[in-house]
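The exercises below concern one protein chain. Each opens with a task and continues with a worked solution.

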Amino acid sequence: MTDQDQEALIECQCGKCALAVADKAATLFLRCGCVDCRQALWWGHEHGGAKPEPLPRLFYLRSDIVDVAGKAYMKAFKLRSTGKSTRIYCTQCYSVLGVDHPTYQNNVFLNFPDHCTNHGVLSRALSAYLNMSDYFAAVGFAPTEDVPLFASTDFAPERQRFLSLPDVAHSFKEPSGPPSGVTLGSLIQSLGAVTVLNLVEGVVG
Ligand SMILES: [Zn+2]
Ligand SMILES: [Zn+2]
């Protein structure tokens, strides 16, 4: 069952690709300082996608996609074979439509609203700065918002502090029921083999 009033479109910049999500309200807003986010966004920019800002905005939406347009133009990529994030780009304009990661448990997926057109409700307040051990003054502007700031989530205590933030705990969990459409993980699987870019770790731009 879907409620049309709750749905929203995520579109690529060239208009070939779109995802309709069952629930338009973002569940979580983070800013991530990790070098992999920067590398993936810069790689897209080099192929025609939007120029990334240093501390990208990450919005999470329920991983329930009720309609897909332009699937023939979508391709799934990983930075390296060991990479955990799988990103769907439009192969015409190199917008990023969505990102999957095991931590999201298929309950949510990640979207960069500055790298596509996200018609969802993105009014949620910033919850945290993440992976700031990869971020330096030379990279970009200093964080200004008074929210938790995590150097990394490599170590259990810090990871636990991050995962226990209310919006994070509410997002990164087992789904409460099956999706009315498909998850981003299923969409990725249906796109065929994931292309591994084999980019050198930590080299951006
Ligand atoms: Zn496109
Ligand atoms: Zn990141």
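**Exercise 1. The helix α1 and what follows**

Which residue with a positive phi follows α1?

Solution. Step 1: the model is a predicted one, in which local features need pLDDT of at least 70 and side-chain atom pairs count only at pLDDT 80 or more, while totals for chains, interfaces and linings use all residues. Residues are numbered from 1 along each chain as its sequence is written, and chains are lettered from A and ligands numbered from 1 in the order in which they are written.

Step 2: helices (H or I, at least four residues) and strands (E, at least two) are taken as DSSP runs, numbered from the N terminus. Helix α1 covers residues 35-46, and Gly48 comes after α1 with a positive phi near 115°.

Step 3: test the length of the helix. The expected span is 1.5 Å times one less than the number of residues. For the twelve residues of α1 this gives 16 Å, and the end C-alpha atoms are 16 Å apart, so the two values agree.

Step 4: establish burial. A residue is buried if 20 or more other C-beta atoms lie within 10 Å of its own, exposed if 12 or fewer, and partly exposed in between, with C-beta atoms placed from the backbone. In α1 the buried residues are Asp36, Cys37, Arg38, Gln39, Ala40, Leu41, Trp43 and Gly44. Their cover includes β3 (28-32), β7 (86-90) and β8.

**Exercise 2. An open sheet**

Determine the strand order of the four-stranded open sheet and identify its edges.

Solution. Step 1: two strands pair if DSSP finds at least two bridges between them. Strand β1 (residues 8-11) and strand β2 (residues 18-21) are antiparallel and share four bridges; Ile10 has Leu19 as its bridge partner in β2.

Step 2: add the remaining pairs. β1 also runs antiparallel to strand β10 (residues 117-118), with two bridges, and there Ile10 stands opposite Asn118. Four bridges connect β2 with β5, again in the antiparallel sense, and Ala20 lies opposite Asp67 of β5.

Step 3: assemble the order, which is β5-β2-β1-β10, with antiparallel pairing. β5 (65-69) and β10 are the edge strands: each has a single partner strand, so one side of each has no neighbour in the sheet.

Step 4: inspect the hairpin of β1 and β2. Six residues lie between its strands, and Gly15 has a positive phi near 90°.

**Exercise 3. Positive phi outside glycine**

Where are Gln105 and Asn106 found, and are they buried or exposed?

Solution. Step 1: Gln105 has a positive phi near 55° and is not a glycine. Asn106, also a residue other than glycine, has a positive phi of about 65°.

Step 2: Gln105 belongs to the loop between β8 (96-100) and β9 (108-111), and Asn106 is in the loop between β8 and β9 as well.

Step 3: Gln105 has 15 C-beta neighbours inside 10 Å and therefore counts as partly exposed. Asn106 has 18 other C-beta atoms within 10 Å, so Asn106 is partly exposed too.

**Exercise 4. Two positions in one loop**

Are Asn131 and Ala138 buried or exposed?

Solution. Step 1: Asn131 lies in the loop between β11 and α2, and Ala138 is placed in the loop between β11 (128-130) and α2 (156-163).

Step 2: Asn131 is buried because 20 other C-beta atoms lie within 10 Å. Ala138 has 6 C-beta neighbours inside 10 Å and therefore counts as exposed.

Step 3: consider the surroundings. Contact requires C-beta atoms, placed from the backbone, within 7 Å. Apart from residues up to four places away in sequence, Asn131 touches Cys32, Gly33, Cys34 and Ser152. From C-alpha to C-alpha, Asn131 and Cys37 are 10 Å apart in space and 94 residues apart in sequence. For Ala138 and Pro54, the C-alpha distance is 9.8 Å at a separation of 84 residues in sequence.

**Exercise 5. The chain as a whole**

How many helices and strands does the protein chain have?

Solution. Step 1: the protein chain has four helices and twelve strands.

Step 2: among the 205 residues of the protein chain, 38% are buried. Of the contacts with a separation of 6 or more, 72% involve residues 24 or more positions apart.

How values were computed. Contact = placed C-beta atoms within 7 Å.
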